[in-house]
Amino acid sequence: MNVKIHPSWQEVLQPEFEKPYFQKLASFVKKEYSTNRCFPPGKQIFSAFNHTPFNKVKVVIIGQDPYHGEGQANGLCFSVKEGVPHPPSLQNILKELETDLLQPYPKSGNLESWANQGVLLLNATLTVRAHQAGSHQNKGWEQFTDAVITMLSEKKEKLVFLLWGGYAKKKGSKIDKTKHLVLTSGHPSPLSANRGYWFGNRHFSTTNEYLKKSGIPPVDWLIS
C-alpha cells in the first residue's frame, strides 16, 4: 500500500506510518487488494485526507466501514460516487439535512463538497473486502484513526465532532471536550433512526452556529 496523502497530513502522521502496526497493516491491505475485490479503489483509500488538508479541518464526522457494495465507496464516510443510489444511512442523513436547514433533498450522494470545505469524513476502517462488511476490522486501521482523532484534538481548537451511534461515540473518548464541540446522537441507520434516535438532532445547524460564534466560516451543506 502506497500512502499517497496530502503533505499537511504526511507531516503530522509520518511517525504513525513508521510504527510496526502500520507496516503490518500496509502489508495486509496490499495483499488483500492484490488477491480480492476491495473498496474503495486503491487511489481513494486516503480520499478523506486528500480532500480535507489538516490545516483546513473544522468538522469531523466519524463512520465505521466503507460501503462494501459495487461502485459505492469513494473514500469518504457515508458518501457514494455520483449516480449511485443512496444507501439507507445516507438517505436518513440527507432527510435530516432537509428538515434541519429547509433545503431540498439532493440527487447526488457524493459528499465531496463537504470534504472540500473542511469536513473530515473519516471512517474508522478505511478499507473493506467486497460484500463482506467488517472484513478489514481489527487489522490496525482503528489504531491509526484513533491516532488521527487524538492528533486533531491535541493540535487544533474549536473543531466540531459529530459522533453518530455507539461506535463513533467510543472513538470520541480521544477528544478533549474543553477545546472542541462534540455532538452525539443515534446512528442514521434505519434501525436507530426509526426508534427516534436520529431525526431531529439538528447537528448541521448547531455545527454552523458554533462555527460562526467561533469566527469560523460555516459549512455550506447544500449538495447539488
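A cavity is a set of grid points where a 1.4 Å probe fits but cannot get out. Keep that in mind on this tour of a predicted model.

**Stop 1: the largest cavity**

The largest cavity has a volume of about 40 Å³. To find it, select Asp 65, Pro 66, Tyr 67, Ala 73, Gly 75, Leu 76, Cys 77, Phe 78, Ser 79 and Asn 123, which line the space. Colour them by class: six are nonpolar, three polar and one charged.

**Stop 2: the second largest cavity**

The structure has two cavities of 30 Å³ or more. For the second largest, select Pro 40, Ile 45, Pro 66, Gly 75, Leu 121, Asn 123 and Leu 126. They enclose about 40 Å³. This lining splits into five nonpolar and two polar residues, with no charged ones. Keep Pro 66, Gly 75 and Asn 123 highlighted; these residues line the largest cavity and also the second largest.

**Stop 3: the largest pocket**

Now turn to open space. The largest pocket holds about 300 Å³. Its lining counts 18 residues, and those closest to the centre are Gln 64, Asp 65, Pro 66, Tyr 67 and His 187. Select these five and centre the view on them. What classes make up the lining of the largest pocket? Seven residues are nonpolar, 10 are polar and one is charged. Asp 65, Pro 66 and Tyr 67 sit in this pocket lining and also in that of the largest cavity.

**Stop 4: helix 2 against helix 6**

Show residues 20–35, helix 2, and residues 141–155, helix 6. Their axes lie 9 Å apart and form an angle of about 125°. That angle makes helix 2 oblique to helix 6. The crossing is left-handed.

Next, bring up the side chains at the contact. From helix 2, pick Tyr 21, Phe 22, Leu 25 and Val 29. From helix 6, pick Trp 141, Gln 143 and Phe 144, which they meet. Six of the contact residues are nonpolar, one is polar and none is charged.

**Stop 5: helix 4 against helix 9**

Finish with residues 88–101, helix 4, and residues 203–213, helix 9. Here the axes are 8 Å apart, at an angle of about 60°. Helix 4 is therefore oblique to helix 9.

Which residues of helix 4 meet helix 9? Select Ile 93, Glu 96, Leu 97, Asp 100 and Leu 101. Opposite them, in helix 9, are His 203, Phe 204 and Ser 205. By class, this contact has four nonpolar, two polar and two charged residues.

Note on methods
Residues numbered from 1 in each chain as written. Predicted model: local features only at pLDDT ≥ 70, side-chain atom pairs only at ≥ 80, totals over all residues. Heavy atoms only, no water. 1 Å grid on protein atoms, 1.4 Å probe; cavity = no way out; pocket = protein on both sides within 12 Å on 5 of 7 lines; lining within 4 Å. Points joined across faces, edges and corners; volume = space filled by probe spheres on them. Nonpolar A, V, L, I, M, F, W, Y, C, P; charged D, E, K, R; others polar. Axes fitted to C-alpha atoms, helices over the stretch in contact; angles between N-to-C directions. Helix = DSSP H or I, 4+ residues; strand = E, 2+ residues; numbered from the N terminus. Parallel < 35°, antiparallel > 145°, perpendicular 65-115°, else oblique. Left-handed = near helix turned anticlockwise from the far one by under 90°. Contact = heavy atoms within 4.5 Å.
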